[in-house]
Amino acid sequence: MRILSGIQPSGILHVGNYFGMMKPAIELQEQGEAYYFIANYHSMTSVFEAEKRREYVRGVALDFLACGLDPVKSVFFIQSDVPEVTELTWLLSSVTPMGLLERCHSYKDKLAKDISPNHGLFAYPVLMAADILIYDANVVPVGRDQKQHVEVTRDLAIKFNGLYGETFVIPEPQISEATATVPGVDGQKMSKSYHNTINIFDTEKAIRKRIMGLVMDSRTPDEPKPDAEKNIAIQLLKLVASADVYSETLEKLRAGGLGYGDLKKTLFTHYWEQFAEARKRRDELEADPTYVDGVLADGAEKAREVASGVLKRARRACGID
Ligand code: ADP
Ligand code: TRP
């Protein structure tokens, strides 16, 4: 089984990214041949400062390795180190119906917010399809918001195969249902574009402030809360604490008697503990840039070997070669 996923270096990674995408991807590296990359070409559609892009790429590399991506088990690389993917994007573009892209959330959301989309943003699912197809991936672990893009990938692969003969492997999205959508501090989906994130590797002070600032209702501590499961702090606690701690806290909240201040303190304690080891590891990695560069260079070499083979196959199928 070939597993593939990518993450954009378009900001600082938050716990939504961790539980929605990184953690499932890290777990999957035990079950097959995993290819994970930093999608810096994709970040071109939203980040317009060169230095910021470099900084974010570095940050994602450190975060992912610190959280447990193992470069011995997985191939870890930067998207643009395999430029073959942009050529495949063109081959796929030419079989992509406009209507398919017009229906994509990534594009529709920008229109709804009155952001004038660039062509890169409109065409972004085609680049993502090329990312997936160029590695013959079978399984693509992503958060729920990316499922549609994997479906577009399947459509394009089927279309290309139909026109030019069997060329691409048809991939399946894999969504981890338990953590499909992590709520942000305001209760909406956690996303850097909503400024409601808790970042994985922020300082203790910043994280405490974020957690203590979680938006709660005005009920008194003693009031029973039959809807306790919907509380944002409880939902986040479910992700970072053991099942026992979670159900005990949930019961207390439901019965009445647990104040929101204490609930948030419990959440902070477990949050801080959850990432303690990763924080230590990240400091070590940050002090050893040569190691990190080496991992990414090795990854790029392995990825490029696979990609150039698949691109050759696609070129031959459609009569470019
Ligand atoms: P953002 O919404 O902050 O811009 P991205 O779109 O860059 O995040 O998402 C990167 C990965 O993390 C994707 O696989 C996405 O599905 C996942 N992800 C992002 N936010 C969440 C969330 N709140 N819950 C679950 N998964 C998420
Ligand atoms: N579009 C994805 C995101 O914003 C990142 C990504 C790019 C990706 N190429 C990919 C994810 C290929 C999975 C497979 O999160």
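**Two ligands, their surroundings and the strands beside them**

In this predicted model, the space taken by ligand 2 is the largest pocket. Ligand 1 sits in the largest pocket as well. A good place to begin is therefore the largest pocket, which is a set of points open to the outside with protein on both sides within 12 Å along at least five of seven lines.

Around ligand 2 there are 14 residues, and Gln8, Tyr124, Met128, Asp131 and Gln146 are the closest of them. Helix H7, which spans 119–133, is the main contributor to this shell, giving four residues. Strand S1 also takes part, since S1 and H7 each supply at least two residues of the shell. Several polar contacts can be picked out here. A polar atom in the side chain of tyrosine 124 is 2.6 Å from a nitrogen atom of ligand 2, and a side-chain N or O atom of aspartate 131 lies 2.7 Å from a nitrogen atom of this ligand. On the oxygen side, glutamine 8 brings a side-chain N or O atom to 3.0 Å from an oxygen atom of ligand 2. On its own, ligand 2 has 360 Å² of accessible area, and the protein covers 91% of it.

Turning to ligand 1, its surroundings comprise 16 residues, with His14, Asp145, Val182, Ser191 and Lys192 the closest. Two backbones meet nitrogen atoms of the ligand: a polar backbone atom of valine 182 is 2.8 Å from a nitrogen atom of ligand 1, while a backbone N or O atom of glycine 16 lies 3.2 Å from a nitrogen atom of ligand 1. A side chain is involved too, as a polar side-chain atom of lysine 189 is found 3.2 Å from an oxygen atom of ligand 1. Of the 540 Å² that ligand 1 exposes when taken alone, the protein buries 91%.

Strand S1, already met in the shell around ligand 2, runs over residues 2–7 and includes serine 5. Serine 5 counts as buried because its relative accessibility is 1%, and buried means under 20%. The side chain of serine 5 has a polar atom 2.7 Å from the backbone oxygen of proline 141.

Strand S3, residues 74–78, is mostly covered, with five of its five residues buried. This cover extends to both faces: Ser74, Phe76 and Ile78 are buried on one side, and Val75 and Phe77 on the other. S3 pairs with strand S2 (residues 33–38) in the parallel sense, over five bridges. Within this pairing, phenylalanine 76 of S3 has tyrosine 36 standing opposite.

Conventions: Residues are numbered from 1 along each chain as its sequence is written. Chains are lettered from A and ligands numbered from 1 in the order in which they are written. This is a predicted model: local features need pLDDT of at least 70, side-chain atom pairs count only at pLDDT 80 or more; totals for chains, interfaces and linings use all residues. Side-chain values use heavy atoms; hydrogens and water are left out. Buried means under 20% relative accessible area, exposed over 50%, partly exposed in between (1.4 Å probe, protein chains only). Two strands pair if DSSP finds at least two bridges between them. A residue is near a molecule or strand if one of its heavy atoms lies within 4 Å of it. A polar contact is a pair of N or O atoms within 3.5 Å; within protein, one must be able to donate a hydrogen and the other to accept it, and residues adjacent in sequence count only if both atoms are side-chain atoms. Accessible areas come from the Shrake-Rupley method with a 1.4 Å probe; for residues, only the protein chains shown count as cover. On a 1 Å grid over the protein atoms alone, a cavity is a set of points where a 1.4 Å probe fits but cannot get out, and a pocket is an open set with protein on both sides within 12 Å along at least five of seven lines; lining residues have an atom within 4 Å of a point. A molecule sits in a cavity or pocket if more than half of its atoms lie within 2 Å of its grid points.
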